[in-house]
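Trainee: Please take one part of this protein and look at it closely. I would like the packing inside and the residues around it.

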Amino acid sequence: MFRYFVYFAYDGANYHGWQIQPNGISVQEELQKVLTTFFRQPIEVVGAGRTDAGVHASRMVAHFEVPDLLDCVRLTDKMNRMLPPDIAVHEIRRVRADAHARFDAVSRTYKYYITEEKQPFNNDFVYYHPWKLDIDKMNQ
């Protein structure tokens, strides 16, 4: 078996988080469905972590295994054509057989965006706080 890391982004507004849930659709489910369709066999995708419902990710990592060597550029293109518009694969890379998306991660970054300026185009990604923020207090 050959192991691959897949690097991707998603707008989580339509998902019940990363991990497969009994009560709604997840990003993991969408990736597995595409890979299972492409390879015509069940493919499990293991993520670097979990996100809650509605959370977005700009650079998430997961791994999967298949029995064949892949053309990673071609598979990236195929997956992007098959995935819904709110999930985008940036890169697929072959890794060592014991590499693990979760346990080999060297960092995780969570960003929260707050603005004092109302901007209707940012509603889904930035929290609008109409009062002056005390940055020094926030940093304490």
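Mentor: Here is the nonpolar core, followed by some buried residues and the aromatic pairs.

This is a predicted model, where local features need pLDDT of at least 70, side-chain atom pairs count only at pLDDT 80 or more, and totals for chains, interfaces and linings use all residues. Residues are numbered from 1 along each chain as its sequence is written, and side-chain values use heavy atoms, with hydrogens and water left out.

Start with the core. A nonpolar core is a set of buried Ala, Val, Leu, Ile, Met, Phe, Trp, Tyr and Cys residues joined through side-chain atoms within 4.5 Å. Buried means under 20% relative accessible area, exposed over 50%, partly exposed in between (1.4 Å probe, protein chains only). The largest such core has 26 residues. Those with the most contacts inside it are F8, W18, L31, F64, M79 and I92. Two or more residues come from each of β1 (2-10), α1 (27-39), β3 (57-66), α2 (72-82) and β4 (87-95). Helices (H or I, at least four residues) and strands (E, at least two) are DSSP runs, numbered from the N terminus.

Now take M79. Beyond its neighbours within four places in sequence, M79 is in contact (heavy atoms within 4.5 Å) with L31, V34, L35, V89 and I92. Another core, of seven residues, lies apart from the largest one. Its members include Y7, V95, A99 and A101.

Next, the aromatics. Rings of Phe, Tyr and Trp (its six-membered ring) pair if their centres lie within 6.5 Å; planes under 30 degrees apart count as stacked, over 60 as edge-to-face and the rest as tilted. The whole structure holds five aromatic pairs. In one of them, F5 and Y7 have ring centres 6.3 Å apart and planes at 70 degrees, so the pair is edge-to-face. Both F5 and Y7 are buried. F8, Y10 and W18 form one aromatic cluster.

W18 also touches Q28. Q28 lies in helix α1. At 10% relative accessibility, Q28 counts as buried. Setting aside neighbours within four places in sequence, its contacts are W18, Q19, I20 and V45.

Last, D86. This residue sits in the loop between α2 and β4. Beyond residues up to four places away in sequence, D86 touches A9, Y10, D11, N14 and Y15. The side chain of D86 makes polar contacts with the side chains of N14 (3.0 Å) and Y15 (2.6 Å). A polar contact is a pair of N or O atoms within 3.5 Å; within protein, one must be able to donate a hydrogen and the other to accept it, and residues adjacent in sequence count only if both atoms are side-chain atoms.
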